[in-house]
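Here are a few exercises to help you find your way around a new protein. Have the viewer ready and try each task before you read its solution.

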Amino acid sequence: MTHSGRHARSWLFAPGDSERKMTKAAAGPADIVLVDLEDAVAESAKPGARLRTAEFIAGHAEPERARLWVRVNPLDGPHTLTDLAAVMPARPGGIMVPKTRGGGDVVIIDHYLSALEAANGIAPGSTEIIVLCTETAEGMFTTGTYGGLPRLTAMTWGAEDLADAVGAASNVRPGGGYDFTYELARSLCLLGAAAAGVSAVDTIHGDFRDRDGLRDRVAKVRRDGYRGMLAIHPDQVEIINAGFTPTAAELAQAQEIVDLFAANPGVGAIGHNGAMLDRPYLARAQALLAAGGRV
């Protein structure tokens with residue numbers, strides 16, 4: 001299990017106004033528990049949810065506390081700074097920033113967090129950030145603006161708020177699967193994360209009872225380059241963790257490629273098992289071994 005957003009496979013949401021659901025989420029195998037102060041909490045319940053969330057996180061010791069993150073409300077509303085001021089004394093591992101409009105939003109959150117870390121005796125820069133980068137129409141055009149930003153360790157995307165932003169009646173095709181605009185959002189998030197050098201995290205699989213569909217989805221997005229996935233139900237976590245964990249066979253094959261290049265230093269391409277392997281194959285093998293904890 002990892003407590004850093006850079007290597008987390010599963011990110012499980014839990015509403016910040018339900019101690020029962022937060023406790024259940026934290027007791028499970030999710031790499032990151034995302035306590036939600038935004039969509040899962042009604043407007044009138046937000047003050048109480050902040051207090052409940054802070055108490056819940058503070059009730060955990062390190063290193064367990066590091067896997068408890070908080071989704072705050074978006075910067076275009078009145079709640080973000082109040083959310084942060086309430087939960088930062090509890091020392092969450094990270095913050096999810098929804099509906100980001102571009103890298104400038106991360107800069108603002110970094111300033112807030114720097115002040116709150118100093119006020120609460122928290123190591124400077126230790127609170128990580130993940131952004132939901134495609135929930136606004138503007139955000140679709142700025143996914144490449146997150147490079148070099150402090151604290152950012154992961155980027156993810158959303159389809160529901162984007163559908164609302166563009167006035168769509170639905171975001172899925174009649175036969176199933178996302179329409180073009182939302183598949184574009186998935187691709188732009190992946191490219192933005194790659195450009196920024198952070199982990200790409202796929203959005204939720206809405207039907208938590210569809211275990212086979214989730215398993216297929218994880219396999220697809222992992223092939224595409226995603227390194228983790230959001231979850232809305234504890235039953236989804238084990239499938240996500242398994243799907244994003246390299247198998248023994250994959251690790252053995254990757255190690256074989258790394259060893260082959262190590263035995264032939266300075267060579268740009270090597271014939272192997274009837275195929276010609278060049279440096280991108282080596283880079284992918286090294287990344288796979290890193291994901292499996294082998295390097």
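Below are four exercises, each with a worked solution.

Before starting, note that this is a predicted model, where local features need pLDDT of at least 70, side-chain atom pairs count only at pLDDT 80 or more, and totals for chains, interfaces and linings use all residues. Residues are numbered from 1 along each chain as its sequence is written, and side-chain values use heavy atoms, with hydrogens and water left out.

**Exercise 1. Trace the barrel and find the partner of Trp-11 in strand 8.**

Step 1. Pick out the helices (H or I, at least four residues) and strands (E, at least two), which are DSSP runs numbered from the N terminus.

Step 2. Follow the order 1-2-3-4-5-6-7-8: these 8 strands close into a barrel with parallel pairing. Two strands pair if DSSP finds at least two bridges between them.

Step 3. Check the twist: neighbouring strands are turned by 25° against each other on average, direction ignored. Axes here are lines fitted to C-alpha atoms, for helices over the stretch in contact, and angles run from 0 to 180 degrees between N-to-C directions.

Step 4. Go to strand 1 (residues 10–15) and strand 8 (residues 228–231), which pair in the parallel sense over 3 bridges. There, Trp-11 has Leu-230 as its bridge partner.

**Exercise 2. Work out which strands helix 7 touches.**

Step 1. Look for contacts, meaning heavy atoms within 4.5 Å.

Step 2. Helix 7 (residues 180–196) packs on the sheet against strand 6 (152–156) and strand 7 (199–202), and its direction makes about 165° with that of strand 6.

Step 3. Now try helix 4 (residues 103–119): it lies across strand 4 (94–97) and strand 5 (128–132), at about 150° to strand 5.

**Exercise 3. Say how the rings of Trp-11 and Trp-69 are arranged.**

Step 1. Take the rings of Phe, Tyr and Trp (its six-membered ring), which pair if their centres lie within 6.5 Å; planes under 30 degrees apart count as stacked, over 60 as edge-to-face and the rest as tilted. The structure has 3 aromatic pairs.

Step 2. For Trp-11 and Trp-69, the ring centres are 5.1 Å apart and the planes are at 85°, so this pair is edge-to-face.

Step 3. Place both residues: Trp-11 is in strand 1 and Trp-69 in strand 3 (residues 68–71), so the pair ties together parts that are 58 residues apart in sequence.

**Exercise 4. Find the unusual backbone spots at Pro-63 and Arg-91.**

Step 1. Start at Pro-63, in the loop between helix 2 (46–58) and strand 3. A cis peptide bond joins Glu-62 to Pro-63, with omega about 5°.

Step 2. Move on to Arg-91, in the loop between helix 3 (80–87) and strand 4. Arg-91 is not a glycine, yet its phi is positive, about 65°.
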